[in-house]
Amino acid sequence: MFWEAVGDGRVRCFLCYRRCLIPEGKKGFCNVRQNIEGKLYTLVYGLLTAVNVDPIEKKPLFHFHPGSNVLSISTVGCNFHCMFCQNWNISQQRNVFGREYKPEEIVSVALENGADGISYTYNEPTIFFEFAYDTAKIAKRKKLFNTFVTNGYMMPEPLKAIAPYLDAATVDFKGSGNLNFHRKYMSVPDASPIFETLIEMKERGVFIEITDLIVPQYGDNLADLEKLVKWINENLGSETPFHLLRFYPHYLLQDLPSTPVKTLEKAAEKAAETGLRHVYIGNVPGHKLENTFCPHCGVKVISRDGFYISGTNLSNSNKCGNCGYKLNIEGNVKRRNRFYLF
Ligand code: SF4
């Protein structure tokens, strides 16, 4: 899907903003789309590297069906090359491998395991678009929801195609969207398509939560954070959930320390000052900012312990139990058994 022949044996892929021009026999940047005799083929249709049930909070989605379970699936490959990728062993793979599944099998596995939805995650779902699209359509018919965990580099046409079946997305920033950071540490030439994707998602009714990975020394600039947060506030709304994620050394950035919790707290303060009303700190289990507070009266309305919801103070219509303020939460909170997670 989303390619055309350019007339000299080469093909142009329009699935993501890289818009790779691919000569005969070669693959695109993501390594999973190949020009074979003048036609572009996906090499990872149904070839999955992970199929397992996760708490939705792991995505992270804190305001979309809190406490639900999602069947998480992935393939190999990615259209970004992040030097700090925590899933680099699948995302940066040069070999194509996985266990074969059909879309309907994935939906059956989700239903058999009591999942409430399917999450296309771990590696970038854009690059296994065709399988995600076919699965999402069947899942929707079976009353499951679909969520993407994405870098937001999908072109508008594929986004329009999948939007009717896509209920929510976690869109991941790194280094607060700083252009030099994207170029140097992620091999991404331009961050602006991510913002266009977010606008398109909002217009099409996809529920959005945003993460920002704060990398010490290179990607922890408060001026960049302020710029990003202002953009979110003005374009997506002040109640968009915003997750500041702690970096841990991974892949090619092994020699950096983890992000100090103080750095994350300063960033959270800045995000809140700039106007965002649901700011979270992630990858720091037990931190106060993994809970949800009412933006009107400040009372804690969802208590979390890591990915586990330990208590709520919300009515069935997601109004604050103290002041009645209606929170930006879609779906009712489910209480998941703790033993399920460990
Ligand atoms: S999906 Fe892959 S082949 Fe297509 S434009 Fe993006 S990186 Fe290139």
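1. Histidine 65 counts as partly exposed, because its relative accessibility is 25%. In this predicted model, histidine 65 sits in the loop that joins S7 and S8, and although histidine 65 is not a glycine, its phi is positive, at about 45°. Most residues other than glycine have a negative phi, and most peptide bonds are trans, so the backbone here deserves a careful look against that general background.

2. Tyrosine 251 may be read alongside histidine 65. Tyrosine 251 is likewise not a glycine and has a positive phi, of about 50°; its place is the loop between strand S14 (242-246) and H8. With a relative accessibility of 23%, tyrosine 251 counts as partly exposed, because buried means under 20% and exposed means over 50%.

3. The loop between strand S7 (50-55) and strand S8 (69-74) also holds proline 60, and the peptide bond that leads from lysine 59 into proline 60 is cis, with omega near -5°. The backbone oxygen of proline 60 lies 3.3 Å from a polar atom of the threonine 170 side chain, which ties the point to the next one.

4. Threonine 170 belongs to strand S12 (residues 168-174) and is buried, because its relative accessible area is 0%. Once neighbours within four places in sequence are set aside, threonine 170 is in contact with both partners of the cis bond, Lys59 and Pro60, and also with Leu61, Phe148, Val149, Thr150, Glu209 and Thr211.

5. Where does tyrosine 17 lie, and what surrounds it? Tyrosine 17 is in the loop between strand S2 (11-13) and strand S3 (21-22), and it is buried, because its relative accessible area comes to 13%. Leaving out neighbours within four places in sequence, tyrosine 17 is in contact with Tyr153, Met154, Met155, Pro156, Pro193, Glu196 and Thr197. For two of these residues there is further detail: the C-alpha atoms of tyrosine 17 and methionine 154 are 6.2 Å apart in space although the two residues are 137 residues apart in sequence, and the side chains of tyrosine 17 and glutamate 196 are joined by a polar contact of 3.0 Å.

6. The shell around the ligand consists of Cys13, Leu15, Cys16, Arg18, Arg19, Cys20, Ile22, Gly28, Phe29, Cys30, Arg33 and Asn79. Sorted by class, this shell has 7 nonpolar, 2 polar and 3 charged residues, and the space that the ligand takes is the largest cavity.

7. Serine 91 is part of helix H1 (residues 88-91) and counts as buried, because its relative accessibility is 4%. The side chain of serine 91 makes a polar contact of 3.2 Å with the side chain of glutamine 92, and, not counting residues up to four places away in sequence, serine 91 touches Gly77, Cys78, Cys85 and Asn123.

8. Is glutamate 273 buried or exposed? At 58% relative accessibility, glutamate 273 counts as exposed, because that label applies over 50%. Glutamate 273 is found in helix H8, which covers residues 261-273. Between glutamate 273 and asparagine 123, which are 150 residues apart in sequence, the C-alpha to C-alpha separation is 33 Å; asparagine 123 is also one of the residues that serine 91 touches.

9. Aspartate 224, in helix H7 (residues 222-235), is buried, because its relative accessible area of 17% falls under the 20% limit. Apart from residues up to four places away in sequence, aspartate 224 touches Gly175, Ser176 and Asn178. The C-alpha atoms of aspartate 224 and threonine 121 are separated by 26 Å, with their positions 103 residues apart along the chain.

10. Lysine 326 lies in the segment after strand S18 (308-312) and is partly exposed, because its relative accessible area is 45%. Leaving aside neighbours within four places in sequence, lysine 326 is in contact with Ser317, Asn318 and Lys319. For serine 317 the backbone oxygen lies 3.0 Å from a polar atom of the lysine 326 side chain. Lysine 326 and histidine 296, 30 residues apart in sequence, have C-alpha atoms 9.2 Å apart in space.

Technical notes: Residues are numbered from 1 along each chain as its sequence is written. This is a predicted model: local features need pLDDT of at least 70, side-chain atom pairs count only at pLDDT 80 or more; totals for chains, interfaces and linings use all residues. Side-chain values use heavy atoms; hydrogens and water are left out. A residue is near a molecule or strand if one of its heavy atoms lies within 4 Å of it. On a 1 Å grid over the protein atoms alone, a cavity is a set of points where a 1.4 Å probe fits but cannot get out, and a pocket is an open set with protein on both sides within 12 Å along at least five of seven lines; lining residues have an atom within 4 Å of a point. A molecule sits in a cavity or pocket if more than half of its atoms lie within 2 Å of its grid points. Ala, Val, Leu, Ile, Met, Phe, Trp, Tyr, Cys and Pro count as nonpolar, Asp, Glu, Lys and Arg as charged, and the others, Gly among them, as polar. Helices (H or I, at least four residues) and strands (E, at least two) are DSSP runs, numbered from the N terminus. Buried means under 20% relative accessible area, exposed over 50%, partly exposed in between (1.4 Å probe, protein chains only). A polar contact is a pair of N or O atoms within 3.5 Å; within protein, one must be able to donate a hydrogen and the other to accept it, and residues adjacent in sequence count only if both atoms are side-chain atoms. Contact means heavy atoms within 4.5 Å.
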